[in-house]
Amino acid sequence: MRDAGERSLARPGGFVGARIALGVSGGIAAYKAADLASRLIRAGSTVDVMMTDGATRFIQPLTFEALTGRAVFSDVFDGWKDGSAGHVSLARDADVVVIAPATANTIARLASGYTEDMIGAVALATEAPLLIAPAMEHHMWHHAATRANVQTLVDRGAIVIPPETGRLASGAFGDGRLASPDAIIGSLRAVLGQYGALAGRRVIVSAGGTREALDPVRYIGNRSSGRMGIAIAEAAVETGADVTIVATPGVLGPLHGMKVVRVESAIEMQRAIEEAVRDADVLVMAAAVSDFRSRTLASHKIKKKADQDLLTIQLVKNPDIVASITGERLLKIGFAAETRDLLDNARRKLLDKGLAMIVANDAVDTIGHERSTATFLFADRDPIALPSLSKDEVARRLVAEVISLIAERDRDA
Ligand code: C5P
């Protein structure tokens, strides 16, 4: 049998083509697993759903069959037909096994190895990574028995996606809400990518537009959504990188499976990046950094006067973050969003800022939009002109170039 490492090496990271065994156990949060399954399918994975009897009382297997286009397994004797060996086939074919929601009962059974259903049998038989997203009542989650069972599973290598705090099914407020689909998908992305080409590499990505404060409530900002930076961070996680995203408040995406450092101004971003790039292999500056900031910061809200028609604000230059950061082994990648003379301006920035690569694109077509028509320019390679692509696809292509630039750097070292 292939081990988990070989299995993951045999396919690129990410959700496309991944085989995911999704165990659903019997809590009210079972209905949320339908959304999770649907999102995994849309991301290109094949999802085999296993349900406990309890789960089938909360949600019909038919829901999952319709979403996944595949049979749903409950009884451990299910699936022994058409050359398939039931739980053994499911366990062998899975790139990852995720149990969401995992009730206290299911967690106890997984910890003890006492298996009477498909989920327990697959969890025992698989060599794939096991992710557990618990959901239960507050006191059950904190009970010493549950704590010990969770610890047992963690000690054996399971990844536990902690439940959230909030309103529970009982109406009470407490710990035990199933982690959001975004959090579960973020963990899955990291697990599926763990043997990728960037495994063991540290990648820092900046995202979003900086905010330069004028007074306690106002700031100078820009239209950057941070979408490109998020896409790059996710693509790097998909290939196994240890990613830190330095993000401004406008970056709203779910940022899971990566370390998140929040900043507002260019100066804060510079400090955060200086800290983050120690021992990093790559810095991707996807953020739209304000070139200037207000010379003064009013301690109270700036008031307009009755006879005032004009307000003058003096701006001072911000540091050029990517140019100021140096590191012998650090590969720096920048962006040039221009409204004219795109390639000439981008090439000049590539040289002035000491970059290994720059992504040139039209500012108006790109900022705030879902797609982008980019050209990659390099310090030592021929340029690559891409067609109009989704930002996710541009990010994947950028990460592919990063992998090749790192390989070249390591060869030359
Ligand atoms: O000079 P310009 O702002 O067009 O350069 C864009 C590139 O430089 C982007 O990668 C951006 O993140 C980075 N930059 C920076 N610090 C600044 C301005 C831009 O790192 N103050």
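Which residues of helix 7 are buried? Keep that in mind; the tour gets there after a look at the whole chain.

**The whole chain**

Start with everything shown as a C-alpha trace. This is a predicted model. Along its principal axes, the trace spans about 75 × 60 × 35 Å. Colour by secondary structure and you will see 16 helices and 19 strands. The protein chain has 413 residues, and 49% of them count as buried. Take the contacts between residues at least 6 apart in sequence: 67% of these join residues at least 24 apart.

**Two domains**

Now colour by domain. Select 4-191 for domain 1 and 197-412 for domain 2, following the domain assignment. Their C-alpha centres lie 36 Å apart. In the contact between them, domain 1 supplies 9 residues and domain 2 supplies 6 residues.

**Helix 7 and its cover**

Select residues 118-125, which form helix 7. Show the side chains of M118, I119, G120, A121, V122 and A123: these are the buried residues of helix 7. With 6 of its 8 residues buried, helix 7 is largely enclosed by the rest of the structure.

What lies over those buried residues? Add the covering elements one by one. They include strand 1 (19-24), strand 2 (46-51) and strand 3 (96-102). Helix 5 and helix 6 (104-112) are also among them.

**Helix 5 against helix 7**

Keep helix 7 on screen and add helix 5, residues 86-93. The two axes are 8 Å apart, and the packing angle is about 50°. Helix 5 and helix 7 are therefore oblique to each other. The crossing of helix 5 over helix 7 is right-handed. Show sticks for G86, H87, L90 and A91 on helix 5, then for M118, A121, V122 and A125 on helix 7; together they make the contact. By class, this contact of helix 5 with helix 7 has 6 nonpolar residues, 2 polar and no charged.

**Helix 6 and helix 9**

Move to helix 6, residues 104-112. Its buried residues are A104, T106, I107, R109, L110 and A111. Helix 7 is part of the cover here, as is strand 3. The cover also includes strand 4 (130-134), helix 8 (138-142) and helix 9.

Select helix 9 next, residues 144-155. How do helix 6 and helix 9 cross, left-handed or right-handed? The crossing is left-handed. The axes come within 9 Å and cross at roughly 50°. That makes helix 6 oblique to helix 9.

For the residues that meet, show A104, I107, A108, L110 and A111 in helix 6. Opposite them in the contact are T146, N149, V150, T152 and L153 in helix 9. The contact of helix 6 with helix 9 counts 7 nonpolar, 3 polar and no charged residues.

Before leaving, step just past the end of helix 6 to G113. This glycine takes a positive phi of about 80°.

**Helix 2 and helix 4**

Select residues 32-42 for helix 2 and 61-68 for helix 4. Their axes come within 9 Å, crossing at roughly 10°. That makes helix 2 roughly parallel to helix 4. The crossing is right-handed. Helix 2 brings A33, A34, A37, S38 and I41 to the contact, and helix 4 brings T63, F64, L67 and T68. Sorted by class, the contact of helix 2 with helix 4 has 6 nonpolar, 3 polar and no charged residues.

Now zoom in on T68, which is found in helix 4. Is T68 buried or exposed? Its relative accessible area is 11%, so T68 is buried. Which residues is T68 in contact with, leaving aside neighbours within four places in sequence? They are A37, I41, V47 and V49. Put a distance label on T68 and V47: C-alpha to C-alpha they are 6.1 Å apart, with their places 21 residues apart in sequence.

**Last stop: S265**

Jump to S265. It lies in the loop between strand 12 (259-262) and helix 12 (266-276). S265 has 13% relative accessibility and therefore counts as buried. Show T210, R211 and E212 alongside: S265 touches these three, not counting residues up to four places away in sequence.

How values were computed
Residues numbered from 1 in each chain as written. Predicted model: local features only at pLDDT ≥ 70, side-chain atom pairs only at ≥ 80, totals over all residues. Heavy atoms only, no water. Axes fitted to C-alpha atoms, helices over the stretch in contact; angles between N-to-C directions. Helix = DSSP H or I, 4+ residues; strand = E, 2+ residues; numbered from the N terminus. Parallel < 35°, antiparallel > 145°, perpendicular 65-115°, else oblique. Left-handed = near helix turned anticlockwise from the far one by under 90°. Contact = heavy atoms within 4.5 Å. Nonpolar A, V, L, I, M, F, W, Y, C, P; charged D, E, K, R; others polar. Buried < 20%, exposed > 50% of the residue type's maximum accessible area, 1.4 Å probe, protein only. Domains from an automatic or database assignment.
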